[in-house]
Amino acid sequence: GQNGGLPIVTVNVPEVDVEFLRIRPERIPYFYDNILGVRRAAAQAGADADDDDGDDDDWRYSSNRALQGSVGLWDLDRLGKFAESVFRGRFLAGAAPDRRHVTFLPVQDLAPLQEPGIYVAIMSEPGRFRYEYQVSYFYVSDIGLHARRHPAHIDAFATSLKSAQALPDVRFALLDDQ
């Protein structure tokens, strides 16, 4: 809610269809490991980066595992394994011809997008059916996290993004590539 919404850039597209998927909370580790490539460096170095719950490794061989920019239908279809559709809508974009226009989608005002979590926005032009769609992901949270790594320890602090007050009773978990 601090920047006016989710920014999209259009040229000669007066309106866009956007479907919002929410990553199921129990699938967030899989999302980080296999979609965002958090352990990509470890996997490339030969470390065992297999998913612990036996899911297939389809995303490891995908052309765009990061879910940013242009993403193909085949990759998007596999999101159903760990995400659910929570909202679909049409939004007005820039109407000026031959001009780049930035529009902020009011995601903070949409009730289905209020629950904290990770969301994937899949954008398409109404009436156009292509093999690739413009995709982005974003987080909904009131937790601001600051972590500082020292040689012998890590300091971590959690604050509310809305009030800037320290959050009480917060637990931190530090995970390595195993």
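**A five-stranded sheet and its cores**

Strands β6 and β7 pair in the antiparallel sense, with seven bridges between them. This is a predicted model, and the β6–β7 pair is a convenient place to start reading it.

One residue to look at in this pair is G117, which lies in β6. Its bridge partner in β7 is V140. Beyond its neighbours within four places in sequence, G117 is in contact with R22, F138, Y139 and V140. The C-alpha atom of G117 is also separated by 7.1 Å from that of I23, although the two residues are 94 apart along the chain. Is G117 buried or exposed? Its relative accessible area is 16%, and because buried means under 20%, G117 counts as buried.

From this pair the view can be widened to the sheet. Five strands form an open sheet in the order β3-β7-β6-β2-β4, with antiparallel pairing. Its edge strands are β3 (69–72) and β4 (83–92), each of which pairs on one side only. On average, and ignoring direction, neighbouring strands of the sheet are turned by 35 degrees against each other. In general, strands of a sheet pair through backbone hydrogen bonds, either parallel or antiparallel.

At the β3 edge, β3 and β7 pair in the antiparallel sense over four bridges. Within this pairing, G69 has V135 of β7 as its bridge partner, and S70 stands opposite Q134, also in β7.

A helix comes next. Which strands does α1 lie across? It lies across β2, β6 and β7, and runs at about 55 degrees to β6.

These elements also contribute to the interior. The largest nonpolar core has 17 residues, and those with the most contacts inside it are F31, L67, L76, L79, V120, I122 and V135. At least two residues of this core come from each of β2 (15–23), α1 (28–35), β6 (117–124) and β7 (132–140). Apart from it lies another core, of 15 residues, with V16, F20, L105 and M123 among them. In soluble globular proteins, nonpolar side chains tend to be buried together.

V135 links several parts of this account. It is the bridge partner of G69 and is listed among the residues with the most contacts inside the largest core. Leaving out residues up to four places away in sequence, V135 touches L67, Q68, G69, V71, L76, V120, A121 and I122. Of these, L67, L76, V120 and I122 are likewise named among the residues with the most contacts in that core.

Technical notes: Residues are numbered from 1 along each chain as its sequence is written. This is a predicted model: local features need pLDDT of at least 70, side-chain atom pairs count only at pLDDT 80 or more; totals for chains, interfaces and linings use all residues. Side-chain values use heavy atoms; hydrogens and water are left out. A nonpolar core is a set of buried Ala, Val, Leu, Ile, Met, Phe, Trp, Tyr and Cys residues joined through side-chain atoms within 4.5 Å. Buried means under 20% relative accessible area, exposed over 50%, partly exposed in between (1.4 Å probe, protein chains only). Contact means heavy atoms within 4.5 Å. Two strands pair if DSSP finds at least two bridges between them. Axes are lines fitted to C-alpha atoms, for helices over the stretch in contact, and angles run from 0 to 180 degrees between N-to-C directions.
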